[in-house]
Amino acid sequence: DGVLVDVSASYRAAISETAASFGVQVTNDDIERCKQAGQANNDWIVTQRLLKDAGVERDLETVTERFESLYWGDGDTPGLYRSESFIGDPERLRALVARYPIAAVTGRPKRDALHVLERFGVLNCFSAVITMEDAPAKPSPRPVELALERLGVNRAWMLGDTRDDIDAARAAGVLPFGTISPGKTS
């Protein structure tokens, strides 16, 4: 998210719209500040944290349910996932895969991650897909370590667009590369 897929109109919008459904206005700058502060790899928790910062207490199950109904759609309302777009060129990714094993390490639920990779026709590019169900959230190094294990390698690079990505990569002993997601300037 933010590295392979532009989630500004899906996951980020789901954060804002979920908060709005509880009477809290959240801007993209608010979300970015929360993400860059760290410990923010789970967007359900980010949403709950932003609500709490505004004085609104909601349990994580309630926040998650609302977020997911917006992301996947509910009844006649189409899901925000439809607005996601692939960043870059899938053919360049396929060329890279011909030379190196690649893993995706994401804070998304497995269902979301597999769906988006399949939707953009790149699921077969990944030898491993590590999701929120597989390991503790980044900045824990465990998701990155698990990717290394599943790839059968002990050295790697990791692309990430948040502080948690960079911290997880460093703690796992891999070389982190920071990227700037669409819509961000730094």
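1. Let's take "buried" as under 20% relative accessible area, with exposed being over 50% and partly exposed in between. By that yardstick, Tyr11 and Phe67 are both buried. Keep in mind as you read on that this is a predicted model.

2. Those two residues also form an aromatic pair, one of eight in the structure. The ring centres of Tyr11 and Phe67 sit 5.5 Å apart with the planes at 70°, and planes over 60 degrees apart count as edge-to-face, so edge-to-face is the right label here. It's a link between distant parts of the chain: Tyr11 belongs to helix α1 (residues 11-21) and Phe67 to helix α4 (residues 60-72), with their positions 56 residues apart. The pair isn't on its own, either, as ring pairs join Tyr11, Phe67, Tyr71, Trp72 and Tyr81 into a cluster.

3. Have a look at Trp157 and Phe177 as well. Their ring centres are 6.1 Å apart and the planes stand at 85°, so this is another edge-to-face pair. Trp157 is in strand β7 (residues 157-160) and Phe177 in strand β8 (residues 175-178), so the pair ties together parts 20 residues apart in sequence. How accessible is Trp157, buried or exposed? At 63% relative accessibility, Trp157 counts as exposed, while Phe177, at 39%, counts as partly exposed.

4. Back to α4, the helix that carries Phe67. α4 has 13 residues and spans 18 Å from first C-alpha to last, close to the 18 Å expected at 1.5 Å a residue. Its buried residues are Val63, Thr64, Phe67, Glu68, Ser69, Leu70 and Tyr71. What covers them? The cover includes α1, α3 (43-53), β2 (73-74) and α6 (110-119).

5. Both ends of α4 are worth a glance. At the start, a side-chain oxygen of Asp59 comes to within 3.1 Å of the backbone nitrogen of Glu61. After the helix comes Gly73, with a positive phi near 95°.

6. Next, the packing of α1 against α3. Their axes come within 10 Å and cross at roughly 35°, and the crossing is right-handed. On the α1 side the contact is made by Tyr11, Ile15, Thr18 and Ala19; on the α3 side, by Asp43, Val46, Thr47, Leu50 and Leu51. So Tyr11 turns up in this helix contact and in the ring pair with Phe67.

7. Leu93 sits in helix α5 (residues 90-97) and is buried, with a relative accessible area of 11%. Leaving aside residues up to four places away in sequence, Leu93 touches Phe86, Ile102, Val122, Cys125 and Phe126. How far is Leu93 from Gln39 in space? The C-alpha atoms of the two are 29 Å apart, with 54 residues separating them in sequence.

8. Last, Thr106, which you'll find in the loop between β5 (103-105) and α6. At 15% relative accessibility, Thr106 counts as buried. A polar atom of its side chain lies 3.1 Å from the backbone nitrogen of Arg108. Again leaving aside residues up to four places away in sequence, Thr106 touches Asp1, Asn41, Ala113, Ile130, Thr131, Met132 and Lys138.

Notes: Residues are numbered from 1 along each chain as its sequence is written. This is a predicted model: local features need pLDDT of at least 70, side-chain atom pairs count only at pLDDT 80 or more; totals for chains, interfaces and linings use all residues. Side-chain values use heavy atoms; hydrogens and water are left out. Helices (H or I, at least four residues) and strands (E, at least two) are DSSP runs, numbered from the N terminus. Buried means under 20% relative accessible area, exposed over 50%, partly exposed in between (1.4 Å probe, protein chains only). Contact means heavy atoms within 4.5 Å. Rings of Phe, Tyr and Trp (its six-membered ring) pair if their centres lie within 6.5 Å; planes under 30 degrees apart count as stacked, over 60 as edge-to-face and the rest as tilted. The expected span of a helix is 1.5 Å times one less than its number of residues. A polar contact is a pair of N or O atoms within 3.5 Å; within protein, one must be able to donate a hydrogen and the other to accept it, and residues adjacent in sequence count only if both atoms are side-chain atoms. Axes are lines fitted to C-alpha atoms, for helices over the stretch in contact, and angles run from 0 to 180 degrees between N-to-C directions. A crossing is left-handed if the near helix is turned anticlockwise from the far one by less than a right angle, and right-handed if clockwise.
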